[in-house]
Amino acid sequence: MAERRKKYVIANWKMYLNADESFKLGAALQKKIRVRRGVEVGICPSALALHEMSKKIDKKIIKLGAQNIYWRDAGAYTGEISAPELRGIAQIALVGHSERRYIFGEQNIDIKKKVASALRSGLTPVLCIGETRDEKDFGETSEVLYDQILGGLSELAAEEVGKVVLAYEPVWAISGDGRNARPATEEDVAEAMRLIRSHLNHLYGKKVAESMSVLYGGSVKSDNASEFLAVEGVDGLLVGSASTKLDEFVKIIEKA
Ligand code: PGA
């Protein structure tokens with residue numbers, strides 16, 4: 001039942017803000033929001049800003065997250081950041097965001113190891129799943145979601161699966177340079193939520209399926225946030241570009 005599940009509103013600042021801008025926006029946001037029972041607010045800033053922000057942000061008000069991690073713990077891996085390196089700095093890790101999948105070629109084989117690695121280091125993995133426009137048009141949404149859920153969670157023991165947060169982000173709804181994005185309709189989201197819960201139920205049983213928080217992301221703004229939050233099965237939002245504007249993001253948080 002939805003009321004037992006934790007709600008999340010998570011900002012994904014992508015490569016929109018530099019370290020200084022991230023730091024300032026994080027500080028301003030912290031002043032504007034209050035702790036809410038049952039709603040976790042998170043920010044995933046540039047990796048450059050994480051360490052400094054972790055010293056100033058009150059984790060009771062805002063959790064910090066990495067936009068990506070590498071699954072090995074340490075070693076000769078140029079340019080990567082591991083989950084153990086984020087201990088004490090971040091509490092969340094986005095994994096398998098569609099920009100990682102489709103621009104940087106990430107596959108389930110990496111993604112499942114990243115999810116497991118995040119959990120080993122005490123981070124909450126937010127596993128992003130969602131179909132492309134073509135996959136939707138060809139009626140493949142259900143298979144794609146099944147493949148991404150199983151592909152992302154298959155490295156975990158059964159009792160660990162429930163610790164993962166899922167984010168349904170249809171690729172065609174995510175805003176970005178030169179993309180012809182449009183927000184999903186409530187029907188699109190409701191149908192995807194039904195499919196996701198049914199796949200989880202099939203794979204891991206009813207208890208796990210009902211306990212996992214599933215977020216929606218893709219062109220969320222303050223004026224459509226309530227519609228998505230009202231969809232059965234939606235436990236929060238993953239917000240990209242709108243989360244980089246202070247008042248806009250505060251309004252979105254207030255809707256939750
Ligand atoms: P958007 O991005 O809100 O800018 O569409 C969402 C996301 O990619 O997480």
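Two strands pair if DSSP finds at least two bridges between them. With that in mind, here is a set of close-ups of a predicted model.

**Figure 1. Strand S7 has parallel partners in S6 and in S8.** S7 covers residues 214-217. Strand S6 (residues 165-168) runs parallel to S7, and 3 bridges join the two. To find your place in this pairing, look for Leu 166, which stands opposite Val 214 in S7. S7 also pairs with strand S8 (residues 236-239), again in the parallel sense, over 2 bridges. Here the residues to look for are Gly 217 and its bridge partner in S8, Leu 238. Both faces of S7 are covered. Val 214 and Tyr 216 lie on one side, Leu 215 and Gly 217 lie on the other, and all of them are buried.

**Figure 2. Strand S8 pairs with S1 as well as with S7.** S1 and S8 are joined in the parallel sense by 4 bridges. Ile 10 stands opposite Leu 238 in S8. Leu 238 is thus a handy landmark, because a bridge pairs Leu 238 with Gly 217 too. Gly 236 and Leu 238 point one way from S8, while Leu 237 and Val 239 point the other way. All of these S8 residues are buried.

**Figure 3. The ligand is buried by the protein, with His 97, Ser 219 and Ser 241 in polar contact.** The ligand has 14 residues around it, and Lys 14, His 97, Glu 169, Ser 175 and Ser 219 come nearest. From the side chain of His 97, a polar atom lies 2.7 Å from a ligand oxygen atom. Ser 219 takes part through its backbone: a polar atom there is 2.8 Å from an oxygen atom of the ligand. Ser 241 also uses its backbone, with an N or O atom 2.9 Å from an oxygen atom of the ligand. On its own the ligand would expose 280 Å², and the protein buries 100% of that.

**Figure 4. A salt bridge links Glu 99 to Lys 14.** The structure holds 17 salt bridges, so this is one view among several. Side chains of opposite charge can pair when their charged atoms come close. The side chains of Glu 99 and Lys 14 meet at 2.8 Å, N to O. Glu 99 belongs to helix H3 (residues 98-102), whereas Lys 14 sits in the loop between strand S1 (7-12) and helix H1 (19-32), so the pair ties together parts that are 85 residues apart in sequence. Glu 99 and Lys 14 are both buried. Lys 14 will be familiar from the ligand view, as one of the residues that come nearest to the ligand.

**Figure 5. Glu 106 and Lys 114 form a salt bridge between buried residues.** Their side chains meet at 2.7 Å, N to O. Glu 106 counts as buried, and Lys 114 does too.

**Figure 6. Within helix H8, Arg 194 and Glu 191 meet in a salt bridge.** The N to O distance is 2.6 Å. Arg 194 and Glu 191 are 3 residues apart in H8 (residues 186-204), which means that about one helical turn separates them. How accessible are these two residues? Arg 194 is exposed, at 52% relative accessibility, while Glu 191 is partly exposed, with a relative accessible area of 35%. Elsewhere, Arg 5, Arg 197 and Asp 235 are joined into one network by salt bridges that share partners.

**Figure 7. Cys 44 and Cys 128 are in no disulfide.** A disulfide is a covalent bond between the sulfur atoms of two cysteines. How many disulfides does the structure hold? The count is 0. For Cys 44, the nearest cysteine sulfur is that of Cys 128, 8.8 Å away. For Cys 128, the nearest is that of Cys 44, at 8.8 Å, and a disulfide needs sulfur atoms within 2.5 Å, so Cys 128 is in no disulfide. Cys 44 is buried, with a relative accessible area of 0%. Cys 128 counts as buried as well, at 2% relative accessibility.

**Figure 8. Gly 26 is a buried residue of helix H1.** Its relative accessible area is 0%. For a sense of scale, the C-alpha atoms of Gly 26 and Asp 223 are separated by 22 Å, and these residues are 197 residues apart along the chain.

Methods:
Residues numbered from 1 in each chain as written. Predicted model: local features only at pLDDT ≥ 70, side-chain atom pairs only at ≥ 80, totals over all residues. Heavy atoms only, no water. Buried < 20%, exposed > 50% of the residue type's maximum accessible area, 1.4 Å probe, protein only. Near = heavy atom within 4 Å. Polar contact = N/O pair within 3.5 Å; in protein donor to acceptor, adjacent residues only side chain to side chain. Areas by Shrake-Rupley, 256 points an atom, 1.4 Å probe, with all protein chains shown as cover. Salt bridge = Lys/Arg side-chain N within 4 Å of Asp/Glu carboxyl O.
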